[in-house]
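Reader: I would like to learn how to read a model of this kind, feature by feature. Where should one begin?

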Amino acid sequence: MANFSNPAMPCNFRNPAMANTSDSYFTNNNELRIVMVGKTGVGKSASGNTILGRQCFESKCSPKSLTEDCSKGEDTLSGQQVAVIDTPGLSDTRFDMEKTIKAISQCFSYASPGPHIFLVVIRLTRFTEEEQQTVQRIQEIFGQAADKYCMVLFTGGDDLDSTIEEFLAESPELQELVSRCNNQYHVFNNRNKDPSQVQELLQKIRKVVQKNGGSHYTNQMFQEAERAIQEEKRRILEEKEEKIRKEREEMERELQEKFDKEMQRINRELQAEREKERKEREEERKEREEERKREREEMKREREEMKREREREKMEREREREKTEREREVMKRETEREREVMKREREEADQKIQRVTQELQVVKQQEMNRELELARRNLFERVVERVFIREHTAVVRERSEVVLCAVM
């Protein structure tokens with residue numbers, strides 16, 4: 001076994017990392033192997049120095065853990081070979097919990113073939129929730145099989161004003177902690193150099209060992225604990241994966257439901273929009289049809305009106321034609337009458353002329369000639385007047401026919 005010494009640490013101080021591999025797995029049931037565990041700053045290293053009676057572990061008041069890795073100190077106490085293994089604090093703020101647990105797990109190689117006792121170090125003056133979880137974390141690291149190998153070591157015994165039993169009676173939390181360690185506990189005053197407290201502790205440890213049938217915490221137990229930890233991690237991981245899967249499925253289902261609802265809403269809106277457009281197109285179609293119908297009716301009315309207008313024009317033209325015919329007939333009859341009148345007048349004039357001529361022949365030939373001349377002149381004027389009237393009537397008739405033709 002390789003030992004090394006430090007002037008500041010005048011005792012056997014052993015680090016298995018510097019020992020031979022074959023020496024790391026020796027079996028020595030005459031050696032009492034103690035593992036110190038607990039929160040940072042509760043006095044694990046100081047308690048180890050008190051047990052060994054030497055300054056083997058660095059110990060001073062500090063806000064951070066002075067022990068970063070497991071370390072081992074050995075000595076012979078009352079003919080009993082004792083090995084004390086100091087471990088990093090369970091709540092060292094410089095490292096995460098996983099790294100701290102890994103470092104503490106290395107203590108098994110320091111306590112080969114296995115520790116007889118795990119001393120759970122608790123300071124009486126400051127019992128916190130983290131310290132309540134110490135035993136639980138030891139179970140997480142070493143398994144429930146480590147419970148019967150655990151003992152609570154209370155430090156700061158010099159600050160205790162009553163007995164430890166009375167102190168425990170006032171704290172249900174401490175009672176629960178002690179009960180989880182099979183009601184095995186001891187009080188240390190690291191300022192007191194009285195070796196009796198160490199002897200009493202060793203005696204309690206021997207009783208625990210005897211109670212456990214002389215056995216110690218074994219590598220098999222540690223491997224089972226590791227398997228249990230791995231299985232627990234696997235179970236937790238599977239539960240998390242299952243939870244994540246269910247959450248994902250639930251999320252996907254909710255998203256699908258939301259998507260379906262959104263699609264239904266969009267489809268309803270599209271359907272409503274299409275229905276609205278269809279109704280608008282239908283209204284537009286009806287309006288166009290009504291407009292075309294009104295246009296057709298208007299065109300029909302216009303055609304009927306034009307037809308009636310043409311009928312009226314036709315009738316008007318017929319009336320005009322009839323009127324013109326009547327006027328022509330009237331003019332013709334008037335002309336005939338005038339001709340008859342002129343003929344009678346001419347005959348009368350001729351008769352009068354003949355009579356006048358006969359009278360003139362009787363009276364005077366000259367007077368007859370003057371009268372005849374006068375009569376001829378009058379006759380000529382009347383004939384001219386009649387001719388003018390007849391010509392004027394013919395011109396009016398021609399103009400009326402022209403106007404009638406233009407109207408038709």
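Reader: Leaving aside neighbours within four places in sequence, which residues is Thr 218 in contact with?

Author: This is a predicted model, and the contacts are read from its atoms. With neighbours within four places in sequence set aside, Thr 218 is in contact with Phe 108 and Pro 113. Thr 218 and Phe 108 are 110 residues apart along the chain, and their C-alpha atoms are separated by 8.8 Å.

Reader: Where does Thr 218 lie?

Author: Thr 218 sits in the loop between helix 8 and helix 9. Its relative accessibility is 24%, so Thr 218 counts as partly exposed.

Reader: What share of the contacts in the chain join residues at least 24 apart?

Author: Counting contacts between residues at least 6 apart in sequence, 70% join residues at least 24 apart. The secondary structure of the chain comes to 10 helices and 8 strands. Of the 408 residues in the protein chain, 32% are buried. The chain exposes about 26700 Å², and carbon and sulfur atoms supply 49% of that area.

Reader: How many of the residues of helix 1 are buried?

Author: Helix 1 covers residues 44-52, and 9 of its 9 residues are buried. They run from Lys 44 to Leu 52 and include Ser 45, Gly 48 and Asn 49.

Reader: What do the buried residues of helix 1 pack against?

Author: They pack against strand 3 (31-38), strand 4 (71-77), strand 5 (80-86), strand 6 (117-123), strand 7 (150-155) and helix 8 (196-211). Ile 51 serves as an example from helix 1. Ile 51 has a relative accessible area of 2%, under the 20% limit, and therefore counts as buried. Beyond four places in sequence, Ile 51 is in contact with Met 36, Leu 77, Val 82, Val 84, Leu 119, Phe 188, Val 198 and Leu 201. One of these partners, Leu 77, is 26 residues from Ile 51 in sequence and 8.8 Å from it in space, C-alpha to C-alpha.

Reader: How should one read a phi angle?

Author: Most residues other than glycine have a negative phi. Ser 78 is not a glycine, yet its phi is positive, about 55 degrees. Ser 78 is found in the loop between strand 4 and strand 5. Its relative accessibility of 60% is over the 50% limit, so Ser 78 counts as exposed. A glycine case is Gly 53, which follows helix 1 and has a positive phi near 70 degrees.

Reader: How should one read charged side chains, and how many salt bridges does the structure hold?

Author: Side chains of opposite charge can pair when their charged atoms come close. The structure holds 27 salt bridges. One of them joins Glu 74 and Lys 72, with the closest N and O atoms 3.2 Å apart. Both Glu 74 and Lys 72 are buried.

Reader: Which residue forms a salt bridge with Glu 318?

Author: Glu 318 forms a salt bridge with Arg 321, and the closest N and O atoms are 1.8 Å apart. Both residues lie in helix 9 (residues 219-362), 3 residues apart, about one turn of the helix. Glu 318 is partly exposed, with a relative accessible area of 30%. Arg 321 is also partly exposed, at 25% relative accessibility.

Reader: How far apart in helix 9 are Glu 325 and Arg 328?

Author: Glu 325 and Arg 328 are 3 residues apart in helix 9, so about one helical turn separates them. Their side chains meet in a salt bridge of 2.7 Å, N to O. Glu 325 counts as partly exposed at 36% relative accessibility, and Arg 328 as partly exposed at 22%. Elsewhere, salt bridges that share partners join Glu 304, Glu 305, Arg 308, Glu 309 and Arg 312 into one network.

Reader: Which residues gather in a patch of negative charge on the surface?

Author: The patch is made up of Glu 273, Glu 280, Glu 283 and Glu 287. A residue joins such a patch if it has over 30% relative accessible area and no salt bridge. Glu 287 is in helix 9. With a relative accessibility of 52%, Glu 287 counts as exposed.

Terms used:
Residues numbered from 1 in each chain as written. Predicted model: local features only at pLDDT ≥ 70, side-chain atom pairs only at ≥ 80, totals over all residues. Heavy atoms only, no water. Salt bridge = Lys/Arg side-chain N within 4 Å of Asp/Glu carboxyl O. Buried < 20%, exposed > 50% of the residue type's maximum accessible area, 1.4 Å probe, protein only. Helix = DSSP H or I, 4+ residues; strand = E, 2+ residues; numbered from the N terminus. Patch = residues over 30% accessible without salt bridge, like charges linked within 9 Å, V, L, I, M, F, W, Y side chains within 5 Å. Areas by Shrake-Rupley, 256 points an atom, 1.4 Å probe, with all protein chains shown as cover. Lys, Arg positive; Asp, Glu negative; His and termini not counted. Charge placed at Lys NZ, Arg CZ, Asp CG, Glu CD. Contact = heavy atoms within 4.5 Å.
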